[in-house]
Amino acid sequence: VDEETGMTGAVAIKPGWLKGQVLLNLDSEDEGELCIGCAGGLDATFSLAYKEQAAVAGGAAFKLGVTGLKGGHSGVDIALGRGNANKVIARVLKRLAELLGVQVASLEGGNLRNAIPREAFAVVVVPSMAIGSFAMEVSAMEATIAEELKAVDGELRLTLARTEPPKMVADDAALRRLLNALCACPNGVIRMSDPMPGLVETSSNLAIVSAKEGLLQASCLLRSSVNSAKEYLSECMEAVFTLAGGQSRFAGGYPGWQPNPHSPILKVMRALYEQLYGAKPHVRAVHAGLECGLLGGIYPNLDMISFGPTILNPHSPDERVEIATVDKWWKFLLATLENAPVA
């Protein structure tokens, strides 16, 4: 259970429970591919308490939104360079605060630890003397960031709507610390794999951000196929929030799954696929978390492989499955069950 929200079921499995020797993991997203390795992960949660002050008198309140981004799976899609709504809104707010003295009452972005955030929203107060230039500056930033992302995220929008003025906002010094931490937080691809060209080795996703009533909380999912690299990334992120006066907590760590190109089940399934469909399957590792990493740690002698039908845009409202591939995958699964090697 809970594969998408922490893999707690796999974590709880004990040695001796499973008697099988071959694990077929039905959790890959490209028909015709056989996955033989995956990245490990680590959940990171950061908190930063901050002081509040009364909102500036005579200011205008707006709800500022970042919308239109594609989002996606924080492992499979991280190399695509899509916009992260939390990073975008932190960048926008930092400039507005420094240039126009805009105050921030609250901030919310993202809702899943393993999804690239598509939207983020902030309630801001604009001093009366800056109201005239506020919308123009937001429009200019929208154009700048949209131009940067146009090849991969063509629908970025910065939206503005008048809202009820809040009584309290983050104080000026606290806002600088808060926004500096979010802007400096590592996000995206950190390093590509040396032994497997084209595969992401290490990455981070600033998944969920909430700042209100004097407390900032941020959640990230770190991934790496190299455990020491994952640990160092966690140290870098902890350093960012320590410098900002915050606290860090790491939990839910799980190991990667090291590829075994000499796997007996891989040999069988390669031959079966070619026999069924007249083509060779593609063998690869993925920069995503699969329960194989956890189960392989508990049962090191398991012969494991992962495969599935074609799924596009997972972890987003655009997620869909290619129906024609489900039949091919099902027949392949049945053939594998009939021919899987056992001791």
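Buried, for a residue, means under 20% relative accessible area. Keep that cut-off handy for these exercises on a predicted model.

**Exercise 1. Decide whether Phe307 and Phe332 are buried or exposed, then work out what their pairing does.**

Start with the accessible areas. Phe332 has a relative accessible area of 4%, so this residue is buried. Phe307 comes in at 2%, so Phe307 is buried as well.

Next, look at the rings. Their centres sit 5.5 Å apart with 70° between the planes, making this an edge-to-face aromatic pair. It's one of eight aromatic pairs found in the whole structure.

Now place the two residues. Phe307 belongs to the loop between strand E17 (303-306) and strand E18 (311-312), while Phe332 is part of helix H8 (residues 323-339), so their pairing ties together parts that are 25 residues apart in sequence.

Finally, widen the view: ring pairs join Phe307 and Phe332 with Tyr273, Tyr277, Trp329 and Trp330 in a cluster.

**Exercise 2. Find which residues line the largest cavity, and sort them by class.**

First, the count: there are two cavities of 30 Å³ or more. The largest has a volume of about 50 Å³.

Then the lining. Phe307 and Phe332 turn up again here, along with Tyr273, Trp329, Glu31, Gly32, Glu33, Leu34, Pro281 and Gly308. E2 and H8 are the elements that give two or more residues to this lining.

Last, the classes: six residues are nonpolar, two polar and two charged.

**Exercise 3. Do likewise for the second largest cavity: which element gives the largest share of its lining?**

Begin with the volume, about 40 Å³. The lining includes Tyr50, Val104, Leu178 and Ala211.

Go on to the elements. Strand E7 (103-109) and helix H4 (172-184) each give two or more residues, and the largest share, four residues, is from E7.

For the classes, eight lining residues are nonpolar, one is polar and none is charged.

**Exercise 4. Track down the residues that touch the most other members of the largest nonpolar core.**

Step one: this core has 53 residues, and the ones to pick out are Leu93, Phe134 and Leu216. Helix H2 (residues 85-100) provides the largest share, eight residues.

Step two: follow Leu216 outwards. Leaving out residues up to four places away in sequence, Leu216 touches Phe46, Ser47, Leu48, Tyr50, Leu178, Leu182, Val209, Ser210, Ala211 and Phe241. Tyr50, Leu178 and Ala211 from that list also line the second largest cavity.

Step three: don't forget the second, separate core, which has 16 residues, among them Leu23, Tyr254, Leu290 and Tyr299.

**Exercise 5. Describe the two largest pockets: what volume does each have, and what lines them?**

Take the largest pocket to begin with. Its volume is about 520 Å³. Of its 34 lining residues, Glu29, His73, Val76, Val286 and Ala288 lie nearest the centre. Strands E2 (33-38), E14 (215-224) and E16 (282-286) each supply at least two lining residues. By class, the lining splits into 16 nonpolar, eight polar and ten charged residues.

Turn to the second largest pocket, with about 200 Å³ of space. It has 17 lining residues, and Pro195, Met196, Ser225, Gln258 and Pro259 lie nearest its centre. Here E2, strand E13 (200-212) and E16 give two or more residues each. Eleven of the lining residues are nonpolar, four are polar and two are charged.

Methods: Residues are numbered from 1 along each chain as its sequence is written. This is a predicted model: local features need pLDDT of at least 70, side-chain atom pairs count only at pLDDT 80 or more; totals for chains, interfaces and linings use all residues. Side-chain values use heavy atoms; hydrogens and water are left out. A nonpolar core is a set of buried Ala, Val, Leu, Ile, Met, Phe, Trp, Tyr and Cys residues joined through side-chain atoms within 4.5 Å. Buried means under 20% relative accessible area, exposed over 50%, partly exposed in between (1.4 Å probe, protein chains only). Contact means heavy atoms within 4.5 Å. On a 1 Å grid over the protein atoms alone, a cavity is a set of points where a 1.4 Å probe fits but cannot get out, and a pocket is an open set with protein on both sides within 12 Å along at least five of seven lines; lining residues have an atom within 4 Å of a point. Grid points are joined across faces, edges and corners, and a volume is the space filled by probe spheres set on the points. Ala, Val, Leu, Ile, Met, Phe, Trp, Tyr, Cys and Pro count as nonpolar, Asp, Glu, Lys and Arg as charged, and the others, Gly among them, as polar. Rings of Phe, Tyr and Trp (its six-membered ring) pair if their centres lie within 6.5 Å; planes under 30 degrees apart count as stacked, over 60 as edge-to-face and the rest as tilted.
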